[in-house]
Amino acid sequence: MTKSQEIAFDLRERILSGALTGGEALPSESKMMSQYGYSRETVRAGVRLLVDEGLVVTGQGQGKYVREDYPPVVWNWSTLESRSRHATAVEGRTAGDQWASVISEEGNAPRQDITVSIVDPPPHVRDCLKLSVEGLAVARKRVRFIDNRPYALADSYFPQELVTGTPLMEPRDVSAPGGILASVGLVQAKYVDEIAVRMPTRDEAALLALPAATPVAEHTRTGYDADGRPLRCMVTILPGDRHKILYEVSTD
């Protein structure tokens, strides 16, 4: 190993063993220079290796800290938006929409920052919704927090002509028995899911406060009515360090 790799190896072992815990500051550069007997630049190069791996993050100033672990959230996407769960979305029985309800059931505090706008949707969303070139969509964009820590982004897009004048235009948590779409006569009979794993964009990393080397899963769910007409396309960005996705698949 090179000198910088030796430093990275030792620090990595201390992190993985728990000797250095999440949120704890690394020893100062001066202390590591004395401990390892190498130059400041060599020490910095060793620490950079761990930053690139995502084990170490940069704090305020020049401080370096062990990356904190996020308690993982397990999502059963097979049942999360089932009609039976929608039926419980009534006053006093949930914490808002279904995402908030699941988080509350686990004993945590959900919060969402919501914006609503009429947009020219991204190309893949336009394709999912089968919009014309000139067609616009209503976008409900949400930054989802658990215990005041950013956990996910969830952007739902609807054909503008279907939801104008409905509660989906309101920039707040909205719910209704059977779901908001069903309450206005738009019943989703089928979902089609797509999952891509990639590195986050700069905006996604900023909104989610992602350390370096954190991949995300991009989950796209398109809901269709009984006639095959697309009603909604939801794009959820799930950081890989704080989510697990569970599916239940019938063998029939």
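When I say two residues pack or touch, I mean contact, that is, heavy atoms within 4.5 Å. Okay, with that settled, let's look at this one, and keep in mind that it's a predicted model.

Let me start with the overall picture. We've got nine helices and 10 strands in the protein. Along the principal axes, the C-alpha atoms fill a box of roughly 70 × 40 × 40 Å. There are 252 residues, and 42% of them are buried. If you take contacts between residues at least 6 apart in sequence, 62% of those join residues at least 24 apart. On the outside, about 13400 Å² is exposed, with carbon and sulfur atoms supplying 52% of that. And for charge, I count 29 positive side chains and 34 negative ones, with the centres of the two sets 3 Å apart.

Now, the N-terminal part. Helix α1 runs over residues 3-17. From first C-alpha to last, α1 reaches 21 Å, close to the 21 Å you'd expect for 15 residues at 1.5 Å a residue. So which residues of α1 are buried? They're Ser 4, Ile 7, Ala 8, Leu 11 and Ile 15. Those five cover an arc of only 95 degrees around the axis, so they sit on the same side of α1. If you're looking at the spacing, remember that an α-helix has 3.6 residues a turn, so residues three or four places apart point the same way. Swing round to the other side of α1 and you find Leu 16 and Ser 17, both exposed.

And what do the buried residues of α1 pack against? Two helices, α2 (29-36) and α3 (40-53), plus two strands, β1 (56-58) and β2 (64-66). Just after α1 comes Gly 18, with a positive phi near 95 degrees.

Let's hop over to α3 and look back from there. This helix has 14 residues, which should span 20 Å at 1.5 Å a residue, and its end C-alpha atoms are indeed 20 Å apart. Its buried set is Thr 42, Val 43, Gly 46, Val 47, Leu 50 and Val 51. These pack against α1, α2, β1 and β2. The residue following α3 is Gly 54, and here too phi is positive, near 90 degrees.

While we're on phi, there are a couple of spots to click on. Most residues other than glycine have a negative phi. Lys 130, though, is not a glycine and has a positive phi of about 55 degrees. You'll find Lys 130 in the loop between α6 (123-129) and β5 (137-146), and it counts as exposed, because its relative accessibility is 60% and the cut-off is over 50%. Then there's Ala 213, another non-glycine with a positive phi, near 65 degrees. Ala 213 is in the loop between α9 (202-207) and β8 (216-224), and with a relative accessible area of 36% it's partly exposed.

Last stop, Arg 172, in the loop between α7 (160-163) and α8 (180-183). At 47% relative accessible area, Arg 172 is partly exposed. Which residues does Arg 172 contact, leaving aside its neighbours within four places in sequence? Ile 114 and Arg 140. Also check Asp 113: it's 59 residues away from Arg 172 along the chain, yet their C-alpha atoms are separated by 8.1 Å.

That's my tour, so over to you for questions.

Terms used:
Residues numbered from 1 in each chain as written. Predicted model: local features only at pLDDT ≥ 70, side-chain atom pairs only at ≥ 80, totals over all residues. Heavy atoms only, no water. Helix = DSSP H or I, 4+ residues; strand = E, 2+ residues; numbered from the N terminus. Buried < 20%, exposed > 50% of the residue type's maximum accessible area, 1.4 Å probe, protein only. Areas by Shrake-Rupley, 256 points an atom, 1.4 Å probe, with all protein chains shown as cover. Lys, Arg positive; Asp, Glu negative; His and termini not counted. Charge placed at Lys NZ, Arg CZ, Asp CG, Glu CD. Expected span 1.5 Å × (residues − 1). Arc of directions from axis to C-beta.
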